[in-house]
Amino acid sequence: MPEPADPVAASARDRDAVLHAVSSAVLAVTRHLSVREVLQVIVRSAARLLDAKYAALGVPDDDGAFAEFVAEGISDEQWAAIGPTPRQHGMLGAMLREGTPVRLADIRRDPRFEWWPKAHPILKDFLGVPIMDGGTVLGIIFLSNKRTPGGFGEADEELLTLFAAHAAIAITNARLYERGRELTVVEERTRMARELHDAVSQKLFSLRLTARAAAALARTDPERAAEAIERVERMAGEALTELRAVIVELRPAELDRHGLLESLRKQAALLDRLHPTTVAFLAEGEPPGDLAPEIEVAVLRVAQEALHNAVRHAGAARIDVRLAHREAALVLEVTDDGAGFDSAGLNGAGVRGLGLLSMSDRAQAVGGTLSVSSATGRGTTVRLEVPA
């Protein structure tokens, strides 16, 4: 006859399994390439493991706001209606100052609570824990509206505290990784500067001297002046080719600061603010954390070129940028509802004028494909697919 199960031992095993899952999940996020990606994974995992409807994590800046603020349970449309990133006031400010966990049955009844924007979801039961690095508060993570009746308990607080400890490790590692990449970028740009000086500036100096000689010969010896002008044209073309080669190798600084996903989001948001055209960004899944740097550069550059074309030439009312991770491929689509053109009848000059040749070259250089679908009066879609 089997011995009766020990409920205490079973509970301990279940708890150990949960803690192991939390530890593995949070430590695994260090493979991501940007701090923001780390924060998003932490918040999503915390909400799922503690069965909370809402979760958020904020990293404060030195100006009374948050350098990063990510949330789970709130759609992009709700974020747009809520408005700017919150300031360090109310309960958030109190947690940053006090550096201690807060567990409440109803946050609205706490004297530290102040107000929410009109479109903000109503929060009730609340659990917040500071993310500490020694005596320094790196940020705060909080959950609200637990789906299981009864609100958050002591066990939830212990679990979120453990989660916050691992989050501190992940955030610190991500910051160190970003700083290391920034130092690498500085070194690479110094090397590029030397190449520019050695290759291009010397050729431009020779070009300038040849142009002066041509100007001096123009009146006295037109034939020799014409030969000098031909040399100027040839040297200018060589200098332009070398300059382009150096520029193509440069990795955009925003990729090192924000990663591909956030760089595209920021690019779309910037154009949306600067132009009357509505520019929207949608991500379907996250790019792989180990995506090759040259692929990141190609995707960002193609997106920038396609957006530039749509904003400047299409006369579009709306532009949609979509990035999707599908099986072993990363797919970028930039679609506008503008004037369009006859894509089937593009000639070489038209391709170069629209920057499509350079986009196609970028795609081929990383083993990808580029397609352009357009018709007069029906808008344009630029589609890039690269291995991932």
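## Asn145 and Glu327: positive phi in two settings

Asn145 is buried, because its relative accessible area of 16% falls under the 20% cut-off. In this predicted model, Asn145 is found in strand 5, which covers residues 136-146. Its backbone deserves a careful look, since Asn145 has a positive phi of about 60 degrees although it is not a glycine. Most residues other than glycine have a negative phi.

Glu327 is a second residue other than glycine with a positive phi, here near 50 degrees. Glu327 sits in the loop between strand 7 (318-326) and strand 8 (329-336). With a relative accessible area of 79%, Glu327 is exposed, whereas Asn145 is buried.

## The protein as a whole

The protein has 388 residues, of which 39% are buried, and its secondary structure consists of 10 helices and 10 strands. Among contacts between residues at least 6 apart in sequence, 63% join residues that are at least 24 apart. The protein exposes about 21000 Å², and carbon and sulfur atoms supply 54% of that area.

## Helix 4 and its surroundings

Helix 4 spans residues 90-98 and is largely enclosed by the rest of the structure, because 7 of its 9 residues are buried. These buried residues are Gly90, Met91, Leu92, Gly93, Ala94, Met95 and Leu96. They pack against strand 1 (52-60), strand 2 (66-72), strand 3, strand 4 and strand 5; strand 5 is also the element in which Asn145 is found.

Just after helix 4, Gly99 takes a positive phi of about 65 degrees. Met91, one of the buried residues of helix 4, also gives a link to the loop described next, for the C-alpha atoms of Met91 and Pro111 are separated by 8.9 Å while the two residues are 20 apart along the chain.

## The loop between strand 3 and strand 4

Pro111 lies in the loop between strand 3 (102-104) and strand 4 (126-133), and with a relative accessible area of 77% Pro111 is exposed. Arg109 lies in the loop between strand 3 and strand 4 as well, and at 73% relative accessibility Arg109 also counts as exposed. Arg109 and Lys124 are 15 residues apart in sequence, and their C-alpha atoms are 9.1 Å apart in space.

The side chain of Arg109 meets that of Asp106 in a salt bridge, with an N to O distance of 3.8 Å. The two partners differ in their cover: Arg109 is exposed, but Asp106 is buried, with a relative accessible area of 12%.

## Salt bridges

Side chains of opposite charge can pair when their charged atoms come close. A search of the whole structure finds 13 salt bridges, and among them is the one that joins Asp110 and Arg112, at 2.9 Å from N to O. Asp110 is buried, with a relative accessible area of 12%, while Arg112 is partly exposed at 29%. Asp110 and Arg112 also belong to a network of salt bridges in which they are linked with Glu98.

A further salt bridge is formed by Asp221 with Arg224, where the closest N and O atoms are 4.0 Å apart. Asp221 is partly exposed, with a relative accessible area of 24%.

## A negative patch with residues of helix 6

Glu223, Glu227, Glu230 and Glu233 form a negative surface patch. Glu227 lies in helix 6, which runs over residues 222-249. At 40% relative accessibility Glu227 counts as partly exposed, because this value lies between the 20% that bounds buried residues and the 50% that bounds exposed ones.

Technical notes: Residues numbered from 1 in each chain as written. Predicted model: local features only at pLDDT ≥ 70, side-chain atom pairs only at ≥ 80, totals over all residues. Heavy atoms only, no water. Helix = DSSP H or I, 4+ residues; strand = E, 2+ residues; numbered from the N terminus. Buried < 20%, exposed > 50% of the residue type's maximum accessible area, 1.4 Å probe, protein only. Contact = heavy atoms within 4.5 Å. Areas by Shrake-Rupley, 256 points an atom, 1.4 Å probe, with all protein chains shown as cover. Patch = residues over 30% accessible without salt bridge, like charges linked within 9 Å, V, L, I, M, F, W, Y side chains within 5 Å. Lys, Arg positive; Asp, Glu negative; His and termini not counted. Charge placed at Lys NZ, Arg CZ, Asp CG, Glu CD.
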